[in-house]
Amino acid sequence: MSESLISDTVKDAVEIVKDHHHDVHDHDVHGGDDHSGDHGGHHTSLGLSNTKLAMWLFLGSECLLFGGLISTYMLYRNRHSENLGPDQLWDIPFTSATSFVLLTSSLTMVLAVSAAKRKDLRNTKIYLGVTALLGGLFLAGQIYEFTVFYREGLGFTTSLFSSSFFTLTGFHGVHVSIGIIMLVAMIGMLSKEKVSGDEAEAVEMVGLYWHFVDIVWIIIFTLVYLIPA
Amino acid sequence: MTDTLETPSSQDEHAADEHHGPSDKQFVTIFLILAAITAVEVAVTYIDIGPLFLPVLLGLMVVKFFTVVLYFMHIKFDNNVFGRLFYIGLGLAVFVYAAALSTFQFFAG
């Protein structure tokens, strides 16, 4: 009896897999969900791209990471000595310039995604390259800023303010660095035609990550730099 | 190596126009608006606008945030499922950390 049950279950499972395969094939051939904007690649039973779904899930979880870091900074931003606080250290014109650089990189990134969707490889690589350069410029600005603060006497363990500030902006800097690596890797993979699946979707995934880095900085720039403690 | 990923069909181009939201020109316009908002944010820190200072800065931050999310990240033009996943994470983060900050009486002073 149990053998018959196992056999029936296996048969049902095979049928489900066959049906799902058939559905996915129909979706790829006929376009499926008109609003998904997906072309090829692996799809979920919803007809959506697995890659894109995973990326949005990842970005949603990243909100919790940066939420924790921003909250910790907000809590400790007044815990510093009299001469080593935001009022004495912040250089708003300089940070505004680096913010503008990161914002500009978001434009070049979205233009890269747009070019990739037009299947324009040359412009895709150019825009990705410019985005990586602008990201590098932003990172250089952040390293310069950290160096200035350190020379002023603000180390990582100087105060609760400095620890929370360096942790928050440092984590963001690491994310920018990873983004630059992803951009450079994408240029290399496009050049060598090593991208498996949909090239436009691969560029779009890097774009989503890069824009997330930008929106995190939009919050940091306002809450950390512009609003005084 | 070629300069095109694939040869696009007219049908593909039509589909791209239909699904991928703003054109490049519109993206540049959105960028200029974001740059202008950033300039206003910085200007606000140098001029005295009294009690409006905090609401204005927070408002501009939210406008910039959602402009990038909706247009540059294509949430406005993509399947709702993607947006929901992101907004669940964002909403959870705002709720959890607002609650955490409240326990430290952050908003009291």
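# Reading helices, loops and contacts in a predicted model

Me: This is a predicted model, so where do I begin? What are the angle and axis distance for helix H2 (residues 50-76) of chain A and helix H4 (residues 80-103) of chain B?

Reply: Start with how those two pack: their axes lie 8 Å apart, at an angle of about 15°.

Me: And what makes H2(A) and H4(B) count as parallel or antiparallel?

Reply: Angles under 35 degrees count as roughly parallel. With about 15° between them, H2(A) is therefore roughly parallel to H4(B). Their crossing is right-handed. Sorted by class, this helix-to-helix contact has 19 nonpolar, 6 polar and 1 charged residues.

Me: How many residues does each chain bring to the contact?

Reply: Chain A brings 46 and chain B brings 47. On the side of chain A that touches chain B, H2, helix H4 (92-117), helix H5 (121-152) and helix H7 (199-226) of chain A each give two or more residues. H2(A) supplies the largest share, 13 residues. As for the classes on that side of chain A, there are 22 nonpolar, 15 polar and 9 charged residues.

Me: Now the pair inside chain B. Why are H2(B) and H3(B) called parallel or antiparallel?

Reply: Look at the angle again. Helix H2 (residues 24-46) of chain B and H3(B) cross at roughly 160°, and their axes come within 10 Å. Anything over 145 degrees counts as roughly antiparallel, so that is the label for H2(B) and H3(B). This crossing is left-handed.

Me: Which residues of H2(B) and H3(B) meet?

Reply: From H2(B), they include Ile30(B), Leu34(B), Ile37(B) and Val44(B), and from H3(B), Phe53(B), Leu57(B), Leu60(B) and Tyr71(B) are among them. The classes here come to 11 nonpolar, 1 polar and 2 charged residues.

Me: Which kinds of element does chain A have, and in what number?

Reply: Chain A has 7 helices and 0 strands. Its pattern along the sequence reads α-α-α-α-α-α-α. Of its 229 residues, 40% are buried.

Me: How do you know that the length of helix H6 (residues 160-191) of chain A agrees with the expected span?

Reply: Set the two values side by side. H6(A) has 32 residues, which should span 46 Å at 1.5 Å a residue, and its end C-alpha atoms are 47 Å apart, so the two agree. H4(A) can be checked in a similar way: its 26 residues reach 38 Å from first C-alpha to last, close to the 38 Å expected.

Me: What comes just after those helices?

Reply: Just after H6(A), Glu193(A) takes a positive phi of about 55°. Just after H4(A), Lys119(A) has a positive phi too, about 65°.

Me: Why is Glu193(A) called buried or exposed?

Reply: Count its neighbours. Glu193(A), in the loop between H6 and H7 of chain A, has 11 other C-beta atoms within 10 Å. The cut-off for exposed is 12 or fewer, so Glu193(A) is exposed.

Me: And His74(B), what makes it buried or exposed?

Reply: His74(B) also sits in a loop, the one between helix H3 (53-72) and H4 of chain B. It has 23 other C-beta atoms within 10 Å. Buried needs 20 or more, so His74(B) is buried. His74(B) has a positive phi of about 65°, although it is not a glycine.

Methods
Residues numbered from 1 in each chain as written. Chains lettered and ligands numbered in written order. Predicted model: local features only at pLDDT ≥ 70, side-chain atom pairs only at ≥ 80, totals over all residues. Axes fitted to C-alpha atoms, helices over the stretch in contact; angles between N-to-C directions. Helix = DSSP H or I, 4+ residues; strand = E, 2+ residues; numbered from the N terminus. Parallel < 35°, antiparallel > 145°, perpendicular 65-115°, else oblique. Left-handed = near helix turned anticlockwise from the far one by under 90°. Nonpolar A, V, L, I, M, F, W, Y, C, P; charged D, E, K, R; others polar. Contact = placed C-beta atoms within 7 Å. Expected span 1.5 Å × (residues − 1).
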